[in-house]
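Q: Hi! Could you walk me through this structure?

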Amino acid sequence: MYGIFMESVVIFKNYTGGRYLIVLFALALVYLLAAEKNKRRRALFVYMPLSLLLLFFFPVFRKVFVRLMGGEGDTYYRVLWLIPMGMIVAYGGVKLASQLYEKKGPWAGRIAFALAGAGIIFGGKYVYASQYMSKAENMYHLPQNVIDICDLIAPGEGEERIWAVFPTDLVYFVRQYDTDIQLLYGREMVEPKWQYAEPVHTIMNHPTTIDVEELLKLTRERYCTYIVFPNVKDKGVTQDPEDFGLELIGNVDGYPVYYDPVAAAVIEEQFG
Amino acid sequence: MIIIRILSLILWLFLIPCCIGMIPMPWIPEKKRNPGVVWIAGYLIMLPLCWLATVPCVLFVKYDSFLVMARWFTALLAAAVLLGIFIGFRAYKKGKPVVPRPALDIGRMAWGERAVWLLFFALLAWQLYKAFTMASFDGDDAEYVAQSLVTWQSNTMYLIKPYTGGTTSLDIRHSLAVLPVWVAYIGRMTGLHTTILAHSVLPFVWIPLTYTVFYEVGKHLFQEKKECLPGFMALMALLQIFGNVSIFTNETFFLTRTWQGKAVAVSFVLPATVWLLFWIFDRRKGEKGTAAGMWALLALTNMTAGVCTSMIVFLNAVMIGAAAFWLAVVERKLGILVKAGLVCIPNGVYMLLYLFLHV
């Protein structure tokens, strides 16, 4: 039980990111506990959040949650979503500012409001500076090189869907643009935390060199007609893919795109 | 072509929800009604209708299930729009319009208030500008966004793996949270690629809709001191922009994964639940009007949670339970617990269906 409790403590720490915004929430909660006279608002903005916080740290609740979620303990932080932290901070801040405005004068109220705003800015973290944000290259908000590659290999209107292999860094985006392009492996294989294994991905994910002969053995078995190799800056190949009959149809932003006529012939032979 | 697309998006994302949102208005106290409430109510009805049209088709229609769903959903939406217009028209004829007042009355404000409102709208505009011009990488998009596109392109639902395109037996885990199907439906009706819809257009719905909910919460909390409302809204907007203290917070989900079901659940459904709890239980003495519409909206909020993500169905019931417990204690009324239990019936049905399909 103590171990489960400590895990919850770690989850809570990770959630708050070690920033002072959580202190602002605690201050707002304490202030409302002292200053809020409306009993229903106390129930919803003080007692309910506190009891949900207690519930979050309560090991039995965590066990029930994990059981209900089919063993998914890594989403336990979502229990903290139930505490309306933002509303409590904003309500507490404005209520305090308004109280000071009435009792100490307009400037006291304005300063308190400005301090609350400054507390949020300096205690928080600017979302648009996140490492996951970047300038959008198009309306799809997908990397333009993925769109260019997909346009190069996508089947035409009325044609059969195709199978393709993409390097790890691009697999997330391909089927957000065109689902007529099917992948031998997708996001489920490239997320390290899921630890799945797939032979084509194992070859493509080799840290330095891709064994072309081994790769083609597997892709041709699975009727894959297009192979996009990793960016030439990042990885090499054991042999020139053209030695095995592949045709280079383009090089998009450093990603060589090959068509495999041998696989296409196999498809033609077997399915007509 | 672009103008037709934009008009079509306005129709499906603003006008239709607003027509539908008029349905519960006669059962909501007049003083609480405004265009924002109508718009929120529209989504709280439209999304559960999507669930009702989608889930039976997912479970029982073998071929082209999306086409069948689209027909049923269109029929349900048409009926709801007609009913909403009828209710609105009848109320207007009686001289009691459904929406008697504007959301904001700028004419009566002091200059200081106007300045803070300006600050809030600048922060909101900044968020919308960034949502349009910045791309956010999230691995879950390979599931959510691709799911909408698969549905749109293949006319099937939850039978194709979004990650690879391989066929699969019915994906029960995700098939009850049908928001990607709703996105596919809007994509089909407007002719817009669902990825553009999700990444570039829907933030213009979910972000303002969330702030409309915050506005209603603030309006309720500061009903005695209306001049404080813009300050509340400005702090809320700052909190969203600077709430990215980790990748787990609701603020981070709100602005970096705006289009995903989890983000809609955490930024729209959960605050809407808090808002309705305030509306229902924190009524002023002598406040006139029935609470039936507000209870109905709370039940619909629970159903909307199920449209977004299965987990929030459970969590929203936990929140309502915790709130009802404390309200019952402070009010010394056990009946509150019973009513809260009744309003969570949709959650119970959803969870039972989820477990039944998993077995």
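Q: Which strands of chain A does helix α7 lie across?
A: Helix α7 (residues 144-153) of chain A lies across β2 (162-165), β3, β5, β7 and β8 of chain A, and runs at about 155 degrees to β7(A). Axes here are lines fitted to C-alpha atoms, for helices over the stretch in contact, with angles from 0 to 180 degrees between N-to-C directions. Helices (H or I, at least four residues) and strands (E, at least two) are DSSP runs, numbered from the N terminus.

Q: Before we go on, what kind of model is it, and how is everything numbered?
A: This is a predicted model: local features need pLDDT of at least 70, side-chain atom pairs count only at pLDDT 80 or more, and totals for chains, interfaces and linings use all residues. Residues are numbered from 1 along each chain as its sequence is written, while chains are lettered from A and ligands numbered from 1 in the order in which they are written.

Q: Thanks! What does the pLDDT of chain A average?
A: Chain A averages 93, and 100% of the residues score at least 70; pLDDT is the predictor's confidence in each residue, from 0 to 100. Among the elements of chain A, α7(A) has the highest mean, 97, and α9(A) the lowest, 86.

Q: Back to those strands. In what order do they sit in the sheet?
A: The order is β3-β2-β5-β8-β7 of chain A, five strands in an open sheet with mixed pairing. Two strands pair if DSSP finds at least two bridges between them. The edge strands are β3 and β7 (247-252) of chain A, each pairing on one side only. From one strand to the next, the twist averages 30 degrees.

Q: And how many bridges hold β7(A) and β8(A) together?
A: Five, in the antiparallel sense. A:Glu247, for one, stands opposite A:Tyr259 in β8(A).

Q: What about β5 and β8 of chain A, parallel or antiparallel?
A: Antiparallel: three bridges join β5 (residues 226-228) to β8 (residues 255-259), both of chain A. A:Tyr226 has A:Tyr259 as its bridge partner in β8(A).

Q: Which residue takes a positive phi in the hairpin of β7(A) and β8(A)?
A: That's A:Asp253, with phi near 55 degrees, in a hairpin that has two residues between the strands. A:Asp253 is not a glycine, and its place is the loop between β7 and β8 of chain A.

Q: Is A:Asp253 buried or exposed?
A: Exposed, because 11 other C-beta atoms lie within 10 Å. The cut-offs are 20 or more other C-beta atoms within 10 Å of its own for a buried residue, 12 or fewer for an exposed one, and partly exposed in between, with C-beta atoms placed from the backbone.

Q: What is phi like at B:Arg332, over in chain B?
A: Positive, about 55 degrees, although B:Arg332 is not a glycine. B:Arg332 lies in the loop between α14 (310-331) and α15 (335-343) of chain B. B:Arg332 also counts as exposed, with 7 C-beta neighbours inside 10 Å.

Q: New topic: how many residues of each chain are in contact?
A: 67 residues of chain A are in contact with 66 residues of chain B, where a contact means C-beta atoms, placed from the backbone, within 7 Å. By class, the side of chain A that touches chain B has 37 nonpolar, 17 polar and 13 charged residues. For those classes, Ala, Val, Leu, Ile, Met, Phe, Trp, Tyr, Cys and Pro count as nonpolar, Asp, Glu, Lys and Arg as charged, and the others, Gly among them, as polar.

Q: How do the strands β1(A) and β1 of chain B run, parallel or antiparallel?
A: Antiparallel, with three bridges joining β1(A) to β1 (residues 134-136) of chain B. There, A:Ser134 stands opposite B:Ala135 in β1(B).

Q: Last one: what are the overall make-up and dimensions of chain A?
A: Chain A has 12 helices and eight strands, and its C-alpha trace spans about 85 × 45 × 40 Å along its principal axes. Its radius of gyration is 28 Å, whereas a compact globule of 272 residues would have one near 19 Å. That radius is taken over C-alpha atoms, and the globule rule is 2.2 Å times the number of residues to the power 0.38. Of the 272 residues, 38% count as buried.

Q: And chain B?
A: Chain B has 16 helices and one strand, and its C-alpha trace spans about 60 × 50 × 45 Å along its principal axes. Its radius of gyration of 20 Å agrees with the value near 21 Å for a compact globule of 359 residues. Buried residues make up 54% of those 359.

How values were computed. Contact = placed C-beta atoms within 7 Å.
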